[in-house]
Structure formats: structure tokens, C-alpha cells
Amino acid sequence: MHALKALVIGMGLLIIVGMGLVVWGFARQATQMTEKSEETGPSESSYFETRVNLPDGCEVENLKSDGQGGLLLLLKGQAQARAECDQIILLDAGNGEVRGRIELQGN
């Protein structure tokens with residue numbers, strides 16, 4: 001009977017210590033996530049320059065984030081350049097590379 005009592009007390013202590021370690025781990029992770037989110041300003045390695053060649057007579061009508069690290073450029077142009085300008089360009093916001101183009105065609 002004494003052995004069973006000691007076993008139950010020992011297991012209870014292990015449960016309490018284990019829960020304490022779990023709470024400590026959660027608190028530590030939350031602190032690390034908060035410190036990362038408080039870092040502000042772009043790092044020097046995130047700076048880039050790029051050029052996107054637009055057809056003559058085209059200009060950027062709208063610029064929008066795609067929510068996945070990309071930028072969408074919607075082009076517009078005058079009547080004579082409209083066929084060349086009707087497109088959407090997808091840029092990688094991390095390095096400025098063109099990831100794709102979508103040409104818009106009417107009837």
C-alpha cells in the first residue's frame with residue numbers, strides 16, 4: 001500500500017512539473033514572437049531596385065498586394081496602345097522580379 005501511495009504522489013509531481021514546463025514553453029515562444037514583431041524598418045538585405053519595361057503609351061493604373069508576397073500592377077493606356085496595355089503584371093515583392101503577366105483580351 002505504501003508503494004502505491006508513493007507511486008501516485010510521484011506521478012502527481014511529474015504531472016505538475018510537466019505542466020509547468022509546458023506553460024514556461026508557451027510563455028517563451030510568445031516572448032520570442034513579440035520580439036520579432038516589434039522589429040521595425042526594412043533590413044539592408046531587403047532593399048532592391050528593379051525595372052519593369054512597359055509598352056509605349058502604358059502607365060500603371062493600380063498597384064495592389066496579392067497577399068502572398070507579390071505585387072499586382074494593372075496597366076492602362078490610350079486608345080492606340082490599349083491592346084498592348086491591357087495586362088496585369090505580377091512582381092515578387094521580395095526581389096522585384098517579374099513572376100508573370102496576364103494579358104487581358106476583349107471580344
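## A tour from the whole chain to Leu104

Begin with the whole protein chain in view, coloured by secondary structure, where you can pick out 2 helices and 4 strands. This is a predicted model, and if you follow the ribbon from the N terminus, its elements come in the order α-β-β-α-β-β.

Next, colour the chain by pLDDT, which averages 82 for the protein chain, with 82% of the residues scoring at least 70. Select residues 2–38, and you have helix 1, the element with the highest mean pLDDT, at 90; then select residues 82–85, and you have helix 2, where the mean pLDDT is the lowest among the elements, at 74.

Now switch on the surface of the protein chain, which comes to about 9100 Å² of accessible area, 57% of it belonging to carbon and sulfur atoms. How much of the chain is buried? Of its 107 residues, buried ones make up 10%. As for how the chain meets itself, 28% of the contacts between residues at least 6 apart in sequence join residues that are at least 24 apart.

Hide the surface again and turn to the strands, which form an open sheet of 4 strands in the order 1-2-3-4, with antiparallel pairing. At its edges are strand 1, residues 58–65, and strand 4, each of which pairs on one side only. Neighbouring strands of this sheet are turned against each other by 20° on average, if direction is ignored.

Stay with the sheet and select residues 70–77 together with residues 87–92, so that strand 2 and strand 3 are highlighted; these two run antiparallel and are joined by 5 bridges. Within this pair, show the side chain of Leu71, and you will find Leu91 of strand 3 standing opposite.

For the last stop, select residues 98–103, which are strand 4, and move on to Leu104, which lies in the segment after that strand. Is Leu104 buried, exposed or partly exposed? Leu104 is partly exposed, because its relative accessible area of 39% falls between the 20% under which a residue is buried and the 50% over which a residue is exposed.

Which residues does Leu104 touch, leaving aside its neighbours within four places in sequence? Show Leu74, Asp86, Gln87 and Ile88, with which Leu104 is in contact. Finally, draw a distance from the C-alpha atom of Leu104 to that of Glu84, a residue 20 places away along the chain, and the separation is 9.3 Å.

Technical notes. Residues are numbered from 1 along each chain as its sequence is written. This is a predicted model: local features need pLDDT of at least 70, side-chain atom pairs count only at pLDDT 80 or more; totals for chains, interfaces and linings use all residues. Side-chain values use heavy atoms; hydrogens and water are left out. Buried means under 20% relative accessible area, exposed over 50%, partly exposed in between (1.4 Å probe, protein chains only). Contact means heavy atoms within 4.5 Å. pLDDT is the predictor's confidence in each residue, from 0 to 100. Accessible areas come from the Shrake-Rupley method with a 1.4 Å probe; for residues, only the protein chains shown count as cover. Two strands pair if DSSP finds at least two bridges between them. Axes are lines fitted to C-alpha atoms, for helices over the stretch in contact, and angles run from 0 to 180 degrees between N-to-C directions.
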